[in-house]
Amino acid sequence: MRVLVISDIHANLSALDAVIADACEFDAVWCLGDLVGYGPEPNECVERIRSLPNLVCLLGNHDAAALGQIDTEVFNAEAKLSVQWMQTHLLPANMDFLRTLPERVENDFVTLAHGSPRNPVWEYILDGRVARKNFDSFKSPYCLVGHTHLPVMYHLDSESGTVRMGIPEMIGTIELSPRAILNPGSVGQPRDRDNRAAYAIFDLDQQTWTAHRVAYDIIRVQRLILEFGLPPRHAIRLSEGW
Ligand code: ZN
């Protein structure tokens, strides 16, 4: 089974559609949260995600904020503006969908969380030290997270108990061995200085992880951000990839 793994779409429909077209064939979709926030097309993105086959979708911090579940004071001024814009523009049916999303999903094979298995909505796994602590917070062979907007993987060496961090090749397939924490990067707002949308294909039968990047129409998204009065910084950063 080929699973399309996406995260941090951030209301960027052009990037999401480029990913879906590029991924081509997949049997299921695991979306690790932050469907909304920052970008100009939150309703269109929620509706597109909802239409995907065999979907498992998690709640991200921006989704929780759009639902009013998080005090906007924790965000910087521009992110706060964007959250308020989402709250006034999201249609009730899409709000209802976001309200159904779980913070964490775990089965015998994989654990899914937006930020980390230990603190699903908020914690950033940005280094091996934090990753190491999080290996104690799930039991499955693999854990998938988003939230940092950086494609990365952490492997736990079961004998030494140490964690090895790896940046997946931009396009390439890695054979996985348990246990690992994997991050596909961000569809709608990459932050690794590569402005192309990031996603991964997780082949459950082969136990392989393939990291992908795909270019999309950034100028269209930037134009909409400015047209809708969203913070210009959120437009600029898309072409820079940060
Ligand atoms: Zn995010």
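Start by selecting Asp192: at 26% relative accessibility, this residue counts as partly exposed. Keep in mind as you click around that this is a predicted model.

Now add Arg213, which forms a salt bridge with Asp192, the closest N and O atoms being 2.7 Å apart. Arg213 sits in strand 12 and Asp192 in the loop between strand 10 (180-183) and strand 11 (197-203), so the pair ties together parts that are 21 residues apart in sequence. Unlike its partly exposed partner, Arg213 counts as buried, at 6% relative accessibility. Show Asp194 and Arg196 too, and you have a network of salt bridges linking Asp192, Asp194, Arg196 and Arg213.

From Arg196, hop over to Ala215, which is in contact with Arg196 and also with Ala18, leaving aside neighbours within four places in sequence. Ala215 is in the loop between strand 12 (208-214) and helix 7 (218-227). Colour Ala215 as exposed, because its relative accessibility is 56% and the cut-off for exposed is over 50%.

Next stop, two more salt bridges out of a count of 12. Pick Glu78 and Arg233: their closest N and O atoms are 2.6 Å apart. This pair links distant parts of the chain, with Glu78 in helix 4 (residues 77-89) and Arg233 in helix 8, 155 residues apart. Then try Asp96 and Arg99, whose closest N and O atoms are 2.7 Å apart. These two are separated by about one helical turn, because they are 3 residues apart in helix 5 (residues 92-99).

Time for the largest pocket, which holds about 180 Å³ of space. Select Tyr38, His62, Phe75, Tyr124 and Arg191, which lie nearest its centre among the 17 lining residues. Helix 8 gives the most to this lining, with 3 residues.

Leave Arg191 on screen and add Asp8, in the loop between strand 1 (2-6) and helix 1. Which side chain of opposite charge is nearest to Asp8? Arg191 is, at 6.5 Å, and Asp8 is buried yet has no salt bridge. Residues touching Asp8 include Asp34, His114, His147 and His149, not counting those up to four places away in sequence.

Finish inside the largest nonpolar core, which has 51 residues. Highlight Leu4, Ile6, Leu35, Ile49 and Leu98, the members that touch the most others. Helix 1 (residues 13-23) gives the most to this core, with 7 residues. Zoom in on Leu35 and you'll find Ile9, Val46, Ile49, Phe97 and Leu98 among its contacts beyond four places in sequence. A second, separate core of 18 residues includes Leu58, Leu144, Met153 and Leu182.

Notes: Residues numbered from 1 in each chain as written. Predicted model: local features only at pLDDT ≥ 70, side-chain atom pairs only at ≥ 80, totals over all residues. Heavy atoms only, no water. Core = buried A, V, L, I, M, F, W, Y, C linked by side-chain atoms within 4.5 Å. Buried < 20%, exposed > 50% of the residue type's maximum accessible area, 1.4 Å probe, protein only. Helix = DSSP H or I, 4+ residues; strand = E, 2+ residues; numbered from the N terminus. Contact = heavy atoms within 4.5 Å. Lys, Arg positive; Asp, Glu negative; His and termini not counted. Salt bridge = Lys/Arg side-chain N within 4 Å of Asp/Glu carboxyl O. 1 Å grid on protein atoms, 1.4 Å probe; cavity = no way out; pocket = protein on both sides within 12 Å on 5 of 7 lines; lining within 4 Å. Points joined across faces, edges and corners; volume = space filled by probe spheres on them.
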